[in-house]
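Q: I would like a close look at one part of this model, with the cut-offs behind each term. Please start from a single side chain and follow its pairing outwards.
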Amino acid sequence: MLHALKRLLPRLRELPAAQRLRSWWRQQSPHRQDRYAMLAPLVAVLLFFAAIVAAFGYLRLEEMEREQEAVRRDVEYAQQRVRLRLLERQEELVRLAQQVSNQELDAEQFRNRANVLLNQYPELQGLSWVDERLRLRASQGNATLAQGLAQGATRNGVRPAKPTETENAYALARELRQPIYVQRAASPDGTALLELHLPLHTRTSFAGVVLAEYSLDTLYRYGVPAEVSARYAVSLRDSRGEVLAGSSAPRRNRTGPWMGWATHANEYEVPVSPVGNGLVLHAQAYRASLGVIGSGLFWLVGTLSVMTAWMLIANWRHTRRRMQAQQALVLETNFRRAMENSMPTGMRALDLQGRITYVNTAFCQMTGWSERELVGCTAPFPYWPEEDREMLAARLEDELTGRVTPGGFQVRVKRKDGTLFDARIYVSPLIDARGLQTGWMTSMTDITEPNRVREQLYASYERFTTVLEALDASVSVAPLGSDELLFANKMYRLWFSDQSRGHALLSSQAGVPPRINTEDSHDAVDGLVGMPTSSLPDAEAENAELYAEELGKWLEVRTRYLTWVDGRLAQMVIATDITPRRLAEAQAAAQAERAQTASRLITMGEMASSVAHELNQPLTAINNYCNGMVSRIKSKQISEDDLLGALEKTAKQAQRAGQIIQRIRAFVKRSEPNRTPSEVAVMVSEAVELAEIELRRYNVRLSHYTATLPPLVVDPILIEQVLVNLLKNAAEAIVQAQRPPQERRVELQVLPATVEGRPVVEFTVTDTGRGIPPEVMERLYEAFHTTKAEGMGIGLSLCRSIVESHQGRMKAENLYNGSEVTGCRFSFWLPMDGKPTEATKVQAPTEKMSG
């Protein structure tokens, strides 16, 4: 065998898996190989322990299978014994039932035969003969079930609503004409019975049953072999597992949840034929051995394995601690070395005589000298500049005598290539582990870049200050709760000198609360206590325009909170002189007002012939009335009543002419803009009266309807101007389109609407002209752009300006019938102050046309 093993080992080494394992092992570091080698004994012991546990487990499972097979074999043998006993009794009872069916036995003979069977077979407890009407004909023994069956059928002459199990079995035997077994539940006194219903029948009809009652305790005692009941806990159970007869084994030990084989009960059960699943023979083996856990060999091997494993684990833990300590020491050393080498601060150690004993990498990189060139050197050191050696020597003398500056000092250091850089040096005593001073430790930081940044910041500050001083706006900064002025530029000093009064004046007039005076030294409570000041610097700037009386200027004031350089919350105020802009805005407003007045005059100029025609009618009537009255007075042919009637008609025509002139005068007169609550219906009515003069000249019908709307806060004259312009333009578009008389109409609608969730009043003017060409639509509202020969091009531009000044919008669109343009619609809307107080009511359309 050894010879075979020697020949097998070379072949195992040549296997691919073995080669890969060797290759992987060679790739590992020596540290890992040591760790793996240290774990090998522990792994071997664990494998050995696992093999022992597996062997014992396998043996235990084999034993359990053998015990289970023995239980199954013995239970089936006992079941066959019980089955044969029941079948033998059934054959005897079947012969008895046949004799009863053939009327070979009367009741007395039946009791005699039943008595013989009860004495011969002890498991039979009682025999009863029940006819087809559930009447008990004869019974022998303790026949309680038959008596209950007969009594339940005849009690009060009414059958119970819910039949008993015996009645159900009786009905089933009557229906199937076959023997029926019924397993009854145990009675309160613990007696369990088994029923057998044997049907009695003549050639054509059912004649009743022979009811046999078995005692399950007696059946168990005489039917189960003694050798089986001695080895097992045998019991007869119903379909629910309740014990009817026999004995049951106690519960196994409580180690089941931790040991899988301990939860397995060596038991087996089988239904008893011919009863069926209603009666089950159950057997459970008594525990005859201690099992694997109770085996002394198991505990011996387990104890030895645990002790071996414990010793190897202890050795492994000790070795691991030692290796961890070594690794920690190496890591700590490497960490300290890496930390010293990675520090940007140069470190230098001097002994008590002033000799360099240590320099780190950063110190060497700063100076350009190597550690070998610096260690052991004494003053003057090679990195001292020649012109600063006296000062540096005095500094070194102070260090060695203990006169050090806590905040450090700034020096110049010379590199090996001769260049210089600024450095700050801090000196502290070097104390060893025994608490004794062995020298001085010096840290050196290159501050060349910070000095350069500081100089740049100072230059930037100078430039920023120069820009602020050159601004044409006043800039001031003051802390909250104090009269101190932190900053003020040249313009502020020119306006308010160096006092903080101007800052407080501008901030208070701009709507910012005045500062809280906290000069009371006896009050230790901050004046801003409780205010959420942390979010003030992030808030947006506040703007306001105000008039400074002491300066005589209009100023635009912008305020903002900021955090000052010392951490205090401060307020910055920027004031810009906007007096020229306000004057320009006033001039622009005046020019706009003059343009609106001029537009109205132009409109009335264009309507002059229509106005003259409109005035000519009442004036002609007045002239005719006057001439007629003069002629009739001269001829003395007029009565007082006729004269009075003629004078009244003359007065009405004069009143009509005066209303026309008054309407034109109110429309064209120049007045200041005045926005007041105005009724929409009144504005529309006055605009329609003016526009109808021009529409009648063009023979154009005007229909308008207005909803019941709340008053609008507008300038009524300007809105009337917009409506008159739109109605006049609509009439001119119809004339240019040369529409026939029946198609010459303009519609004006005034209805409530909603635009972007806002309640508005929408004015719509619709004509039947030829619409607006696309090239004109693009420049529709452009000033001085017109398509009329005598137009100025300011009408629609001025209309849109008026609407937008009232926070409204205007739009125009063509109307189509298929691809044909059938007209144009101009609409504009104005916002309402509130919703209508009652339901919207549309007035009936009214049409007016010149005669």
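What is the relative accessible area of Glu804, and is this residue buried, partly exposed or exposed?

A: Glu804 has a relative accessible area of 38% and is partly exposed (buried means under 20% relative accessible area, exposed over 50%, and partly exposed in between, with a 1.4 Å probe and protein chains only). The model is predicted, with local features needing pLDDT of at least 70 and side-chain atom pairs counting only at pLDDT 80 or more, whereas totals for chains, interfaces and linings use all residues. Residues are numbered from 1 along each chain as its sequence is written, and side-chain values use heavy atoms, leaving out hydrogens and water.

Glu804 has a charged partner, Arg800, with which a salt bridge is formed, the closest N and O atoms being 3.9 Å apart (a salt bridge is a side-chain nitrogen of Lys or Arg within 4 Å of a carboxyl oxygen of Asp or Glu). Arg800 is itself partly exposed, at 31% relative accessibility. Both residues belong to helix α22, which spans residues 795-805, and they are four residues apart there, about one turn of the helix (helices, H or I with at least four residues, and strands, E with at least two, are DSSP runs numbered from the N terminus). Elsewhere, salt bridges that share partners link Arg85, Glu88, Arg89 and Glu123 into one network.

Over the whole structure, the search finds 31 salt bridges, and two others can be set beside the one in helix α22. Glu692 pairs with Arg696, with 3.8 Å between the closest N and O atoms; because these two residues are four apart in helix α19 (residues 680-697), about one helical turn separates them. In this pair the acidic partner, Glu692, is buried at 6% relative accessibility, while Arg696 counts as partly exposed at 25%. The side chains of Arg355 and Asp351 also meet in a salt bridge, at 3.2 Å from N to O, and here Arg355 is partly exposed with a relative accessible area of 36%, whereas Asp351 is buried at 14%.

Aromatic contacts give a second view of how side chains pair. Nine aromatic pairs are found in the whole structure (rings of Phe, Tyr and Trp, the last by its six-membered ring, pair if their centres lie within 6.5 Å; planes under 30 degrees apart count as stacked, over 60 as edge-to-face and the rest as tilted). Phe381 and Tyr383 are stacked, because their ring centres lie 5.6 Å apart with the planes at 10 degrees, and both residues are buried. Phe763 and Phe828 form another stacked pair, 4.7 Å from centre to centre with 10 degrees between the planes. Because Phe763 lies in strand β24 (residues 758-767) and Phe828 in strand β26 (residues 820-831), this pair ties together parts that are 65 residues apart in sequence, and Phe763 and Phe828 are both buried. Phe381 and Tyr383 also belong to one aromatic cluster with Phe363 and Trp384.

Charge and ring meet in two further places. The charged end of Arg137 sits over the ring of Trp129, 4.6 Å from its centre (NZ of Lys or CZ of Arg must be within 6 Å of the ring centre and within 35 degrees of the ring normal), and Arg395 lies over the face of Phe409, at 4.4 Å from the ring centre.

As a wider setting, the protein chain has 22 helices and 27 strands, and buried residues make up 37% of its 851 residues.
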